[in-house]
Amino acid sequence: MNKPLRRIAIFCGLLVLTLLLRDNWLQYVKADQLKDDPNNRRVTIARYSTPRGDIIVGGDPITGSAENGKTGLNDLKYKRTYKNGPMWAPVTGYASQAFGATQLESIEDGILTGNDDRLFFRKTLDMITGKEQQGGNVVTTLNADAQKAAFEGLKKRGGKGAVVALEPSTGKILALASYPSYDPSSFAGNTNDDAAAWKKLQKKYNPNDPMLNRALRETYPPGSTFKVVTAAAALENGKYTSADEKTDSPLPWTMPGTTTQLKNEGNIPCENATMREALRWSCNTVFGKIGSDLGNDKMLAEAKKFGFDSEQFVPIRSSASVFSDDMNQSQTALSSIGQYNTAATPLQMAMVASAVANDGKLMKPYMVDSLESSTLDPVATTKPEELSRPLSPKNAQILQDMMKTVVEKGTGTNARISGVTVGGKTGTAQHGVENSENPYAWFISYAKLPDGSSPVAVAVVVEDESANRDDISGGGLAAPIAKNVMEAVINSKK
Amino acid sequence: MSSTTNSPTHHTSTIGAIGAPSRRNTELALLVFAVVIPVFAYANVGLALDDQVPAGLLSYGLGLGLLAGVAHLAVRKFAPYADPLLLPLATLLNGLGLVCIWRLDQSKLLQSLPNFVTAAPRQLLYTALGIALFVVVLIFLKDHRVLQRYTYISMFSALVLLILPLVPGLGANIYGAKIWINIPGLGSLQPGEFAKIVLAVFFAGYLMVKRDALALASRRFMGLYLPRGRDLGPILVVWAISILILVFETDLGTSLLFFGMFVIMLYVATERTSWIVFGLLMSAAGAVGVASIEPHVKSRVQSWLDPMREYTLSRQGQLGHSEQLQQALWAFGSGGTLGSGWGQGHSDLIRFAANSDFILATFGEELGLAGIMAILLIYGLIVERGVRTALAARDPFGKLLAVGLSGAFALQVFVVAGGVMGLIPLTGMTMPFVAYGGSSVLANWALIGILIRISDTARRPAPTPAGNPDAEMTQVVRPS
């Protein structure tokens, strides 16, 4: 009987070996994946086990951490708090014990909790000295005054809208506002009150969708503001070489391949107008024909250089803006004046203004300036990075000149700031079936100081459902907000 | 030098009298470790949870030491030649299990559950009873061959034990598996754990008598000796009973355990590989057949195939789904290589049965891969010492009984650990010695008692004829 016994001994050994292999698979190979699974409650427990690091704007934290009351079963020690939550929500996102984390709170979670490998030394030191682990800080590029101007401006308007302001020379995001907004403090815990507050904010129960980050995640038809891109394409492709050259623009103009005439808003001097005049009066016929003449491919190529068709990671992901391909001439004409399928995020249009202001160089937009440990030692710093060159410096200056005319004596006079050169473009984009819904009011602009530097470029969009339809125009609704934001940036530099 | 003095075609070696030194002092030394390690673990849990050494440390240490000491003295007195590893290994597992159960008793989350009981004191009581049973086995079972007389009584009692949970009014359906019985005033009992031992006695007795008949082959087919049709009878009966257990008690583990044990013992008794092939085919057919029909078993299989889906459904509040397996997998993963340390894990998220069926997940999270590997190797050692006992036993009944018990122990460890680690579908059994549960602790201490008895008989020096000095040193001449 001993031979089968030896085999049984081997069989039992194999059973144990199988278990050992499986355990190595679970606890070694798969360990990190299981450990970091967002559904794994331990992730949440770790996130709130120590005071969370802060998100910092201009040296002041806009977040905080409070110790949870010892209430029964709560296994989470600290709770996130926010200062002026609704204003900063598009920047911070939220970190809720019950509902997880998003945006900066989620992307930089490792730094904020102190678990990031880059904080390993600090963590080990804390462990040895017996100190409680401390989260690091996320220092943002935002400008508190500009953000306030943007948010207050949208709030005063009352409708839905968003503002993005960039520093053209670096790509730093100075303001990122979305309205209506929400207070991430209201559901930071995991009590029934938090759940009720969360429920009220969901789109299902709140048609205004306050938790949507309109500045990055919503695409709107850019309307006439897109004519800046079309003008850039005309200059870059050599169709016209100066702002004051007469264009080949008949009026009325019938779109190629159709019997439809492209209409201008009102009776404006657009026949064979120069590009400067066409931009000043916002001539649909001139820019529609430029787009149609250049063709889909060239227009798409230029739009792509400005950042269309790709998501941006600032590091929060923004939606990709759209300029379609495979369009016929009339569709290209409509798209070139920001209608048809063309759609852009407020961030995208701020990038357009910023590239023009920065002499044709588009910088990659970003909002995290640096990461630092709890003792304020820098862990990582973001360096400005060039994304593309949609314009040559010469053409950029021609375009700046044209945009300046828009603000000085065109549709954008509401954005004038004394002592500062401002260039801009208004837009009023129609949407809805048969244009039945209220249009979007757009304004994009940049400011240039007497020393030639450009501290800010901004894009504002307002969807105003309550306004009188005729009253809506980029110049009337959006330009004043843009002006305040630019002023705030300029004043904070002084 | 020896090559010049020895004959080139024969070599001569001298061996002592059959049998080894008693090894009781080795056992005692190992037992000291088996008591001290859990005591340190206990202190560690207290320090991690409350920053202080737990108040009960001294009494716990003394209690465990006393129990181990009594068991050791019983072995020294009644089974002096027994295997020295079995008792310390079982004591170590039992002690660590107690610490882990106490640690889970401290969880606020588990305390908030509706049927929470402070389990550690009860488990300590079960351990005391288990060791008492172990001592009783050693005292009253002077020779394991006595059990041979009770072959058919064992069969009858095993069947009764297995049927008990199905008796109306006595059986208890706990979360789908009907493997418990309620004894008023005493709590619930898992008769299957005891049936394991009684069935091993029956199989050993039966196979010892019938093994020659069963080993007869009639035809050779594809390299296998096929048994005669009428000899298929016993395996078919055991198979049918296993399937019935699976269908009526809905417990895959118990069913697999009994059938597997029978196949192992049948193979050892007959030395016919064909039985293994038959056994595997039949168990596969039975398991697949039942799993596709019986809803409870079916849901266990689905949960095994996709634990995350099960977790999501359970979170959505759908009945009949359990997040336990996914929680256990997260516990293992979060433990990583070295674990979070005693008291610092969150395995209480498993909630129900965290200290019984799923206790291995707590070890996995708090002691890590290293700890689990050590524990699995301890189980492996117990099994291999059991098989070693079977090898050393001199009578076929002892061989069969020892291999049956060790094989069943190995299968149980595999089925439970494999289930908790997501290797095979979960079953309703518990890890021997570490998991909370009176039946399991009592039955496994009895099992170790029987193995120690067999190993004592196996290693005991053969009685020497008096007055023959040559018997001390026997010359053995073998052809080389």
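These legends go with a set of close-up views of a predicted model.

**View 1. Chain A as a whole.**
Before zooming in, here is the overall picture of chain A. It has 18 helices and 20 strands, and its C-alpha trace spans about 105 × 60 × 45 Å along the principal axes. Of its 494 residues, 54% count as buried. Take the contacts in chain A with a separation of 6 or more: residues 24 or more positions apart account for 70% of them.

**View 2. Strand β20 of chain A, buried from end to end.**
Strand β20(A) covers residues 456-463, and 8 of its 8 residues are buried, so the strand is largely enclosed by the rest of the structure. Follow the side chains and you'll find V456(A), V458(A), V460(A) and V462(A) pointing one way. A457(A), A459(A), V461(A) and E463(A) point the other way. Note that E463(A) is on the buried list along with the valines and alanines.

**View 3. The two partners of β20(A).**
Which strands are joined to β20(A) by bridges? One is β8(A), residues 160-167, which runs antiparallel to β20(A) and is joined to it by 7 bridges. To get your bearings here, look for V163(A), which stands opposite V460(A). The other is β19(A), residues 437-448, also antiparallel to β20(A), with 8 bridges between them. In that pairing, A441(A) has V462(A) as its bridge partner.

**View 4. The whole sheet around β20(A).**
Pull back a little and β20(A) turns out to belong to an open sheet of 5 strands, in the order β9-β8-β20-β19-β18 of chain A, with antiparallel pairing. At the edges stand β9(A) (172-179) and β18(A) (421-431); each has a single partner strand, so one side of each is left without a neighbour in the sheet. Ignoring direction, neighbouring strands of this sheet are turned by 10 degrees against each other on average. Over at the β9(A) edge, 7 bridges join that strand to β8(A), and the two run antiparallel. A handy landmark in this pair is A165(A), whose bridge partner in β9(A) is A175(A).

**View 5. E245(A) in its loop.**
Is E245(A) buried or exposed? It has 12 C-beta neighbours inside 10 Å, and a residue with 12 or fewer is exposed, so E245(A) counts as exposed. You'll find this glutamate in the loop between α11(A) (227-236) and β10(A) (253-254). Leaving out residues up to four places away in sequence, E245(A) touches Y240(A) and T274(A). N190(A) is 55 residues away along the chain, and its C-alpha atom is separated from that of E245(A) by 64 Å.

**View 6. Chain B where it touches chain A.**
Here 41 residues of chain B are in contact with 31 residues of chain A. On the chain B side, α5 (108-111), α10 (252-270), α14 (324-335), α15 (359-392) and α16 (396-420) each supply at least two residues. The biggest giver is α15(B), with 13 residues. Sorted by class, this side of chain B has 25 nonpolar, 12 polar and 4 charged residues.

**View 7. Helix α6 of chain B and its cover.**
Helix α6(B) runs through residues 119-140, 22 residues in total, and reaches 31 Å from its first C-alpha to its last, close to the 32 Å expected at 1.5 Å a residue. Its buried residues include L124(B), Y126(B), I131(B), F134(B) and L138(B). What covers the buried residues of this helix includes α3(B) (57-78), α4(B) (86-105) and α17(B) (438-459).

Definitions and conventions. Residues are numbered from 1 along each chain as its sequence is written. Chains are lettered from A and ligands numbered from 1 in the order in which they are written. This is a predicted model: local features need pLDDT of at least 70, side-chain atom pairs count only at pLDDT 80 or more; totals for chains, interfaces and linings use all residues. A residue is buried if 20 or more other C-beta atoms lie within 10 Å of its own, exposed if 12 or fewer, and partly exposed in between; C-beta atoms are placed from the backbone. Helices (H or I, at least four residues) and strands (E, at least two) are DSSP runs, numbered from the N terminus. Two strands pair if DSSP finds at least two bridges between them. Axes are lines fitted to C-alpha atoms, for helices over the stretch in contact, and angles run from 0 to 180 degrees between N-to-C directions. Two residues are in contact if their C-beta atoms, placed from the backbone, lie within 7 Å. Ala, Val, Leu, Ile, Met, Phe, Trp, Tyr, Cys and Pro count as nonpolar, Asp, Glu, Lys and Arg as charged, and the others, Gly among them, as polar. The expected span of a helix is 1.5 Å times one less than its number of residues.
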